[in-house]
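I opened my notebook to jot down what I could look up in this one. My plan was to go from the contact between chains to single residues.

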Amino acid sequence: MIEILTTLCLCLVLLGMVPTLATFAQFLMVGLHGIWNHYSKCAGHTPRVAFILPAWNEADVLGASIDSLMDMDYPVGAWRLYVVDDASTDHTSEVMRQKMAQYPGAVFHLRREKGGQGKAHTLNHGIREILAGDWAEAVMIMDADVLFEPLTLRRMTRHLADPEVGGVTAYVKEGSEPSSLLSRFIAFEYITAQAAARRAQNVAGGIPCMAGGAQLHTRENLMAIGGTIDTSTLAEDTYTTIKTQICGHRAIFDPNAIVWAEEPDSVVALWKQRLRWGRGNLQITLAFRDLWFRPRRSSKFGNPAFGVLWFSIALMPVFMILGSAGLIGLFYLWPSWAPLAFSVLWTVTFISYAFQTLFSIVIDPQTAKRAWFEGIAFPGLLSLGVMTLAILGLKPFFGSGQWPPTGGWSWGAIGGEIGVLIILGWSALSTLAAWGVYRIDKAGAPKWLRNILLVLVGYGPLLCAISMGAIIGQLRSADLKWDKTIKSGKARLPT
Amino acid sequence: MKAGDETIALSTFDAIRAKDLRNEKRVMWSEVGIAVILALLVAGYIAWGFVPRGYLFDR
């Protein structure tokens, strides 16, 4: 019986390594984008593009976004902006009157009198209007706070010269000025999650999400996916992306097409935004349940590697908890194996972290210049301490490199059983600690205290905690409500 | 994509594409460099584990 339980614990430890190994493998594919990319099929192609900008009380950011579009290097008259006003109650109408007078024939105001149903419904109002006419050859879905660099649209539309391509997305960078610790964490996260991961996804041939802040579709593709954006999930951009590829079109990420956006500046706001994304992704997991691990249904998403990557991210906290449970189980069942399993798990984590951090710095040196510290502190200083312990073979705390024997309960010494359990369970406990940081921020703690705790506990564990919140929310079938992230117009284009 | 389809000056398009391709090559070779350095460090770390205790410093 003990043998079976011990084997089970070892399997749990291996399961705990799945997200680390999956993201590491994905990172190893990034460089191949230098060989396998879509640039050879690009051409100087400038179709007529209709931008759709859904706006609900976005008057503070709308003006800057419209002005940034006017600076685009794209043929005059070959693009239009449709601002879909979701029954705003602020001075959006006034801003739009000014902008329509300033840019006649380029900016249009579509107003919904009954709003509040969410982004997808607002987008659909605009898409219906645009598809009713025959002017638009492509449709760009964007967010109100997104700022386009002058060449971004050209860089995106060049991919549409390939008739196989249905959608293109850009690299969304965090552009808040002045920046904060949290905005720099997000900036670094976007290097790993977009600039790196989506290059690898281009290589693999399937992209799970074209960013909703800059999602370009051909007219044909929009018609093929039904002419509307799905309203049944909270992650309409992911749904549209998967649907595009299921309908036989390619989705492309262009890492050199850059837009800038403002991201949340408090843990509470980040939690709200990411909880919506997390629950949306779980809804999509169910909505496309016929695809995962079934290559015959869809060669891209049915691919086992893609499935492992999708689930290891969507269910990351579950893997973390399983890994910790496995280590603790080993400590009691087969004590001599626990230090080895611990060292292997955290050493692999360290190697993956070191590779991803160094590589991310090189991928986007402009962002890394201001967010290098956040890149290093991404997993949290406490987790880095645990990694150090693993690499050095436990010797800094336990001279012989062995755990203290079980049954030696002590709160006083780090070498006591409580200390051992905390270290073994850290990947799960860090998620709990990150939830504590959220609660402290929600309780109105000073920013300096929140920042210190965030650096100690880590931004990665915070994302894990939010994923856990999303899983629990889905399991409890908690109310689903479209909750907009408030933007204040802090994003700036680099000068 | 028929009507309204303009073709930008080939030189502009080629210049942008050449710049982006250079960036992709830079990313690729950077990855190779970082992977080699890390692999050497990991190999050194593993090899260190096989050195008999006291062999290097206690003689």
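Here are my entries, in the order I made them.

**Entry 1: what I'm looking at**

First a reminder to myself: this is a predicted model.

**Entry 2: where the chains touch**

How many residues does each chain bring to the contact? I found 44 residues from chain A and 28 residues from chain B. Next I looked up the area buried between chain B and chain A, which is about 3,000 Å². Carbon and sulfur atoms give 59% of that area. I wanted an area here because the size of an interface is often given as the accessible area lost when the parts come together.

Then I went after the charged pairs. Three salt bridges turn up across the interface of chain B and chain A. One of them joins the side chains of Asp20(B) and Arg155(A), with 2.9 Å from N to O. For polar contacts between chain B and chain A, I noted 12 residue pairs, both residues at pLDDT 80 or more. I also sorted the residues on the side of chain B that touches chain A: 13 are nonpolar, 11 are charged and four are polar.

**Entry 3: rings**

I searched the whole structure for aromatic pairs and got 19 over all chains. I picked Phe185(A) to follow up. With Phe378(A), Phe185(A) makes an edge-to-face pair, 6.4 Å centre to centre and with 70 degrees between the planes. Phe185(A) sits in helix H7 (residues 181-204), while Phe378(A) is in the loop between helix H14 (365-376) and helix H15 (381-391), so this pair ties together parts 193 residues apart in sequence.

Are these two rings buried or exposed? Phe185(A) has a relative accessible area of 0%, so I wrote it down as buried. Phe378(A) is at 18%, and it counts as buried because the cut-off is under 20%.

Phe185(A) has another partner, Tyr459(A), and that pair is stacked: 5.2 Å centre to centre, 5 degrees between the planes. Tyr459(A) belongs to helix H19 (residues 459-475) and Phe185(A) to helix H7, so here the parts tied together are 274 residues apart in sequence. Tyr459(A) is buried too, at 0% relative accessibility.

Before moving on I noted a cluster as well: ring pairs link Phe24(A), Phe27(A), Phe355(A) and Phe359(A).

**Entry 4: Gly227(A)**

Where is Gly227(A)? I found it in the loop between helix H8 (219-224) and helix H9 (236-246) of chain A. Gly227(A) counts as buried, at 13% relative accessibility. Leaving out neighbours within four places in sequence, Gly227(A) is in contact with Ile127(A), Leu131(A) and Leu222(A). I also checked Arg128(A), which is 99 residues away along the chain: its C-alpha atom and that of Gly227(A) are 7.6 Å apart.

**Entry 5: Lys119(A)**

Lys119(A) is part of helix H5 (residues 119-132) of chain A. I looked up its relative accessible area and got 11%, so Lys119(A) is buried. What does its side chain make a polar contact with? The partner is the side chain of Asp143(A), at 2.8 Å.

**Entry 6: Ile252(A)**

My last stop was Ile252(A), in strand E8 (residues 250-261) of chain A. Ile252(A) is buried, with 1% relative accessibility. Not counting residues up to four places away in sequence, Ile252(A) touches several residues, including His38(A), His159(A), Val165(A), Asn202(A) and Ile207(A). I tried Gly436(A) as well, 184 residues along the chain from Ile252(A), and their C-alpha atoms are separated by 38 Å.

Notes:
Residues numbered from 1 in each chain as written. Chains lettered and ligands numbered in written order. Heavy atoms only, no water. Contact = heavy atoms within 4.5 Å. Buried area = accessible area lost by both parts, 1.4 Å probe. Salt bridge = Lys/Arg side-chain N within 4 Å of Asp/Glu carboxyl O. Polar contact = N/O pair within 3.5 Å; in protein donor to acceptor, adjacent residues only side chain to side chain. Nonpolar A, V, L, I, M, F, W, Y, C, P; charged D, E, K, R; others polar. Phe/Tyr/Trp six-rings, centres within 6.5 Å; stacked < 30°, edge-to-face > 60°. Helix = DSSP H or I, 4+ residues; strand = E, 2+ residues; numbered from the N terminus. Buried < 20%, exposed > 50% of the residue type's maximum accessible area, 1.4 Å probe, protein only.
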